[in-house]
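User: Could you take me through one part of this model closely, please? I'd like to follow how its pieces fit together, and then see how it sits in the rest of the chain.

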Amino acid sequence: MRTEFSIHQLADPHIAEAESILRKCVHCGFCTATCPTYVTLGNELDSPRGRIYLIKDMFENGRPADKEVVTHIDRCLSCLACMTTCPSGVDYMHLVDRARAHIHSTYRRPLPDRLIRMMLAFVLPYRGRFRASLTLAKLGRPFASLFDAVSPLKPLAAMLRIAPSSIPNRSSFTEPGNHPASGEKHGRVAIHTGCAQPVLQPATNEAAIRLLNRFGIEVVVAEGEGCCGALVHHMGREEDALDAARRNVDVWTHQIGDGGLDAIIITASGCGTTVKDYGHMLRLDPAYADKAAKVSALAKDITEYLATLALPAPANKTGLTVTYHSACSMQHGQKITVLPKTLLEAAGFSVKSPAEGHICCGSAGTYNIMQPEIATQLRDRKVRNIEATKPDIIAAGNIGCITQIAQGTDIPIVHTIELLDWAHGGPKPDGAPHAPASTALLWRVPT
Ligand code: SF4
Ligand code: SF4
């Protein structure tokens, strides 16, 4: 794509980066076929190509964001399906990140929108605040339909509906400390416990730590680590995101120097995509660029790390049928597509993949709160495809997807690692069905 930036504009490294991304786009439109918002809304401006044109026009003309740009960029899920499809290697992720930061700094949103965004940025990245807000949401749920009746307050209604009806107890596993390897030690990793996941589903990190310990891996929960910054990053709050990144980089750099780390394990793929991007996010900060690049290089999804270990045969082959939902951040953001399924199959599960696996479930950070109508359409489409595979249980590697899909189906859904831990001697995940009687019997009979 031909661009027309001035030399003065290109002196800004952010604009220079945007320009080099824009120039790679050849307008072919292949990306429109896999873009969930284009597939749902059918509007070119809600496709990757349409958004790229809007962003180009805004940056080239040095304009503040306007209502049209904001409407169509806000509707983007940042699912990155377009990056998987694009034959030209357009780095849409960093382009839309830049557009969102520009919107945040140049566009004055209507007051209700501003207040809701400020509240989300104040609450979601902090475990204590998030837990307290879920308690309040339980009390507020009966009023959801009242908020629904006032268009600018629909996100509040969505928030109340998404909040779980019961909140799990705090888990000691996510407190700072060391979880020593069982038996001979083969490695040492840090685990990122994050913000929302330990509140909504502490069983995930418990399973990951238990499983790693069982395979001889010491696991550190480092004092001071917290939200990866993805939630605020996707809202365009760049400085907040960079602060979160710097804090985690400091914490893990300390661990690298104090005992060494073989990896930084991440059990929410949305966070994994962001931590793997710390090196890029902080590339212009001389005090952090190198440290951030090292942290990003160590970041691994739990399934990537497990694949580097020699795993024993499973202790408990359940024979259950699992439909694996591949989170967008896993398949498009981190390009991890086969590994989770391979691990589940090796652990004795029969694994199925739903049709249209490349299409987002509508969770996408705070998207299901800010764009509830599109998010619900995408969720229902995803659930239809999953239910058509008739699984006993659904597995996914991202808490956002787990929460979103659970709203639309009665089939239990858990994190992949909870199933792997179960198969390797851990407890049965909450809500998981018992193994079919014939299978359980089969595995008790010595062969
Ligand atoms: S990130 Fe997803 S929603 Fe956004 S333009 Fe790309 S495919 Fe469409
Ligand atoms: S597929 Fe890639 S090159 Fe083609 S229009 Fe989309 S972003 Fe541009």
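Analyst: Happy to! Let's start at histidine 27, which counts as exposed because it has 9 C-beta neighbours inside 10 Å. Keep in mind that this is a predicted model. Histidine 27 belongs to the loop that joins helix 2 (13–24) to helix 3. Its backbone stands out: phi is positive, at about 60°, although the residue is not a glycine.

Serine 78 makes a good partner for the discussion. This residue also has a positive phi, about 55°, without being a glycine. It sits in the loop between helix 5 (67–74) and helix 6. Its surroundings are another matter, since 23 C-beta neighbours inside 10 Å make serine 78 buried.

Now to the ligands. Around ligand 1 there are 13 residues, and the closest are Cys35, Pro48, Cys76, Cys79 and Cys82. Three helices each supply at least two residues of that shell: helix 3 (36–41), helix 4 (48–60) and helix 6 (81–85). By class, the shell around ligand 1 has ten nonpolar residues, two polar ones and one charged one.

Ligand 2 has 15 residues around it, with Cys25, Cys28, Cys31, Cys86 and Ser88 as the closest. Helix 4 and helix 6 come back here, each giving at least two residues to the shell around ligand 2. Helix 4 gives the most, with three residues. The shell around ligand 2 consists of ten nonpolar, four polar and one charged residue.

How does this part relate to the rest of the chain? The domain assignment runs from domain 1 (7–106) through domain 2 (111–162) and domain 3 (172–306) to domain 4 (321–444). Helix 3, which we met at ligand 1, also appears among the elements that cover the buried residues of helix 23. Helix 11 (154–162), strand 6 (321–325), helix 22 (367–370), strand 8 (393–396) and helix 24 (399–406) are included in that cover too.

Helix 23 itself has 16 residues, 372–387, and at 1.5 Å a residue it should span 22 Å; its end C-alpha atoms are 22 Å apart, so the two agree. Its buried residues are Pro372, Ile374, Ala375, Leu378, Arg379, Arg381, Lys382, Val383 and Ile386. As a reading aid for such a list, an α-helix has 3.6 residues a turn, so residues three or four places apart point the same way.

Strand 6 also leads us to leucine 311, found in the loop between helix 19 (302–306) and that strand. Leucine 311 is partly exposed, because 17 other C-beta atoms lie within 10 Å. Leaving aside residues up to four places away in sequence, leucine 311 touches Phe215 and Leu306. The C-alpha atoms of leucine 311 and phenylalanine 215 are 7.4 Å apart, with these positions 96 residues apart along the chain.

Domain 2 and domain 3 meet as well: nine residues of domain 2 contact twelve residues of domain 3. On the domain 2 side, helix 8 (111–123) and helix 9 (127–140) are the elements that give two or more residues. Helix 9 gives the most there, with four residues. That side holds six nonpolar and three charged residues, and no polar ones.

Finally, a word on confidence. The mean pLDDT of the chain is 94, and 97% of its residues reach 70 or more. Residues 440–447 deserve caution, as pLDDT stays under 50 there.

Note on methods. Residues are numbered from 1 along each chain as its sequence is written. Chains are lettered from A and ligands numbered from 1 in the order in which they are written. This is a predicted model: local features need pLDDT of at least 70, side-chain atom pairs count only at pLDDT 80 or more; totals for chains, interfaces and linings use all residues. Domain bounds come from an automatic or database domain assignment. Two residues are in contact if their C-beta atoms, placed from the backbone, lie within 7 Å. Ala, Val, Leu, Ile, Met, Phe, Trp, Tyr, Cys and Pro count as nonpolar, Asp, Glu, Lys and Arg as charged, and the others, Gly among them, as polar. A residue is near a molecule or strand if its C-beta atom, placed from the backbone, lies within 6 Å of it. pLDDT is the predictor's confidence in each residue, from 0 to 100. The expected span of a helix is 1.5 Å times one less than its number of residues. A residue is buried if 20 or more other C-beta atoms lie within 10 Å of its own, exposed if 12 or fewer, and partly exposed in between; C-beta atoms are placed from the backbone.
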